[in-house]
Amino acid sequence: MSLSISPRADRVFEWLAARDIPFSCYAHPEGKTIEEAKRWWQDDGSVHCKNIFLRNHKGNQHYLVCFDCNHNLDIHDLEHRLKEQLQAAGQPAPGKLSFASPERMMRYLGLEPGSVSPFGLINDAEHHVILFLDSRLRKADLLSFHPNDCRGTVVIHRADFERYLSLIGNQYEYLDLY
């Protein structure tokens with residue numbers, strides 16, 4: 001792909017291209033928040049995703065949570081939903097959640113606030129971060145995320161995104177988040 005936004009974005013483009021994962025991308029002015037980014041998003045038919053980076057109360061586990069940007073997510077409600085759904089599946093619940101610091105975001109995802117996306121998992125060589133995706137995203141044909149830089153948007157078919165997730169190696173799960 002000939003589009004170059006930044007070295008972080010280029011790494012995403014190169015990683016996807018090297019694995020024959022199709023995608024499109026367009027550059028736009030900086031959009032660190034959903035409200036800022038909405039001004040620049042194209043009407044491309046994708047579900048634009050909001051991504052938040054969280055930690056558990058002990059600080060020894062980190063979570064990336066992705067959902068449709070048109071919804072809000074109450075962190076305390078998310079704690080309860082995760083607890084119920086994970087324990088029902090025989091998995092440990094994360095406990096109390098809080099937003100992870102910019103330093104933790106840089107350490108685990110190699111990203112700065114405003115640029116967080118599932119493509120940051122490329123930088124998580126130890127597969128430390130667990131990804132939770134809202135189950136409603138399974139109904140979308142196209143998804144869009146920052147390419148680890150808030151000056152661009154990657155549009156990718158959900159099936160190709162799931163192929164990316166299977167190759168990246170981090171644990172991920174679709175859950176009802178709201």
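Two exercises with worked solutions follow, on a predicted model.

Numbering starts from 1 along each chain as its sequence is written. Local features need pLDDT of at least 70, side-chain atom pairs count only at pLDDT 80 or more, totals for chains, interfaces and linings use all residues, and side-chain values use heavy atoms, without hydrogens and water.

**Exercise 1.** Place serine 6: where does it lie, is it buried or exposed, and which residues does it touch?

Solution.
- Step 1. Find the segment. Serine 6 sits before helix 1 (7–18); a helix is a DSSP run of H or I, at least four residues, and a strand a run of E, at least two, numbered from the N terminus.
- Step 2. Check the accessibility. Serine 6 counts as buried because its relative accessibility is 8%; buried means under 20% relative accessible area, exposed over 50%, partly exposed in between (1.4 Å probe, protein chains only).
- Step 3. List the contacts (heavy atoms within 4.5 Å). Leaving out residues up to four places away in sequence, serine 6 touches Asp149 and Arg151.
- Step 4. Add a C-alpha distance. Serine 6 and glycine 152 are 146 residues apart along the chain, yet their C-alpha atoms are separated by 9.3 Å.

**Exercise 2.** Describe the aromatic pair of phenylalanine 119 and phenylalanine 161.

Solution.
- Step 1. Apply the criteria. Rings of Phe, Tyr and Trp (its six-membered ring) pair if their centres lie within 6.5 Å; planes under 30 degrees apart are stacked, over 60 edge-to-face, the rest tilted.
- Step 2. Count. The structure holds 10 aromatic pairs.
- Step 3. Classify. Phenylalanine 119 and phenylalanine 161 are edge-to-face, 6.3 Å centre to centre, with 85° between the planes.
- Step 4. Locate. The pair links distant parts of the chain, 42 residues apart: phenylalanine 119 in the loop between helix 4 (102–109) and strand 5 (130–134), phenylalanine 161 in helix 5 (residues 158–168).
- Step 5. Widen the view. Phenylalanine 119 and phenylalanine 161 are both buried. One aromatic cluster is formed by Trp15, Phe119, Phe145, Phe161 and Tyr164.
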